[in-house]
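The exercises below are meant to be worked with the sequence and the three-dimensional model side by side. Please try each task before reading its solution.

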Amino acid sequence: MTTSTTLLRVLLLAASALATATAAFAQPYPTKPIRLIVPFAAGGPGDIQARIIGAKLTETWGQQVVVENRGGANGIIAYELGARADPDGHTVSLISAGFTINASLYPKLPYDSVRDFAPTTQISAGPAIVVVHPSLPARSVKELIALARARPGHIIYMSAGAGAPSHLAVELFKTMTKTDLLHIAYKGIAPGITDLLAGQVQVSFPTILAGLTHSKTGRLRALATTGERRAPAAPELPTVAEAGVPGYAATNWFGLAVPAKTPPVVVSRLSQEIARVLRLPDVRERLLTQGMEPTSSTPDDFSKYIQSEISKWSRVVKASGAKPD
């Protein structure tokens, strides 16, 4: 076989591969039901948001978006399923702030938080709320800091579990304020709130939805919210940064990601469609009732945000010595 013949065959094979890839990208998307893996039990904020968005995408695309709840292990079970799925855009993972915390909290994960996922878009963000039991004589963040410094290790705070956002948010607060609060981890926010209401623990940084109702009835005292700006659900409350801890921010957020190697055209289509859904007035209103603001982003921007969150929480995990349950 001559050199020219060999070269011709190589060129023909390359052209054929290119044509096949182009034809694959040109196929309509989606071509079958979409599996939306949620790392939480049904009924929680993340599950509710996934179902709201899934229903709207189903209406638009004519393909069913099937929400699959895979709770447990701080989301690791669900994230591993998402990472190992076929990269064709028909398996989507709901990810949250806990996804970025896991990257440093667990010494060995069955997936790589950056390498194995293609971030699609953020969908919402919302602050936690700083609440204390009324028996604690602290009516502001500055008073809480002063009290904690005067009584190191004696004020107890609760979280939804070791490594949960409600845990690391307080650890960040402790690091930045040089205070010592005693941590008790619960198996979920509900039993922790029960003990907080009873005064068995004194402090918590739960989601704004979990804490605001009880603060409005006077059973808890709200001091601040943890976002970068004031929360629409409680604009009267200062942020922690405004209240005396400059630079502090701890945001609960949700977003969507697909397996790495998913074609960029599919990632872009998903991002654009979800951004459109988030602009719908009824969707926006329903997310706001969950204490979350609709927040879409480009795949590139979301990827950068995830990496910045991984870096941020890795420093907190290291400083606090946080360990998984």
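**Exercise 1: the sheet that holds strands 1 and 3**

In strand 3, R35 has T91 as its bridge partner. The model is a predicted one, in which local features need pLDDT of at least 70 and side-chain atom pairs count only at pLDDT 80 or more, while totals for chains, interfaces and linings use all residues. Residues are numbered from 1 along each chain as its sequence is written, and side-chain values use heavy atoms, with hydrogens and water left out.

Task: state how strand 1 and strand 3 run relative to each other, and describe the sheet of 6 strands.

Solution. Step one is to place the two strands: strand 1 (residues 34–38) and strand 3 (residues 91–96) run parallel and are joined by 3 bridges. Strands (E, at least two residues) and helices (H or I, at least four) are DSSP runs, numbered from the N terminus, and two strands pair if DSSP finds at least two bridges between them. Step two is to read the order, which is 2-1-3-10-4-11 in an open sheet with mixed pairing. Step three concerns the edges, where strand 2 (65–69) and strand 11 (293–294) each have a single partner strand, so one side of each is left without a neighbour in the sheet. Finally, helix 9 (residues 264–278) lies across strand 3, strand 4 (117–127), strand 10 (251–259) and strand 11, and runs at about 20° to strand 4; such angles run from 0 to 180 degrees between N-to-C directions, with axes fitted as lines to C-alpha atoms, for helices over the stretch in contact.

**Exercise 2: the sheet of 5 strands**

Task: give the strand order of the other open sheet and name the helix that lies across strand 6.

Solution. The order is 7-6-8-5-9, again with mixed pairing. Strand 7 (182–185) and strand 9 (221–225) stand at the edges with a single partner strand each, so each has one side without a neighbour in the sheet. Inside the sheet, strand 6 (residues 156–159) and strand 8 (residues 203–204) pair in the parallel sense over 2 bridges, and M158 has S204 of strand 8 as its bridge partner. Helix 7 (residues 189–197) lies across strand 5 (129–132), strand 6 and strand 8, at about 155° to strand 6.

**Exercise 3: helix 6 and T177**

Task: decide whether T177 is buried or exposed, and describe the setting of its helix.

Solution. T177 lies in helix 6 (residues 165–177), and its 3% relative accessibility makes it count as buried, a class that means under 20% relative accessible area, with exposed over 50% and partly exposed in between (1.4 Å probe, protein chains only). Its side chain reaches the backbone oxygen of F173 at 2.6 Å, and T177 also touches I145, R149 and V245, not counting residues up to four places away in sequence; contact here means heavy atoms within 4.5 Å. Turning to the whole helix, 10 of the 13 residues of helix 6 are buried, so it is largely enclosed by the rest of the structure. These buried residues pack against helix 4 (97–105), helix 5 (141–150), strand 6, strand 7 and helix 11. Just after helix 6, K178 takes a positive phi of about 55°.

Definitions and conventions. Polar contact = N/O pair within 3.5 Å; in protein donor to acceptor, adjacent residues only side chain to side chain.
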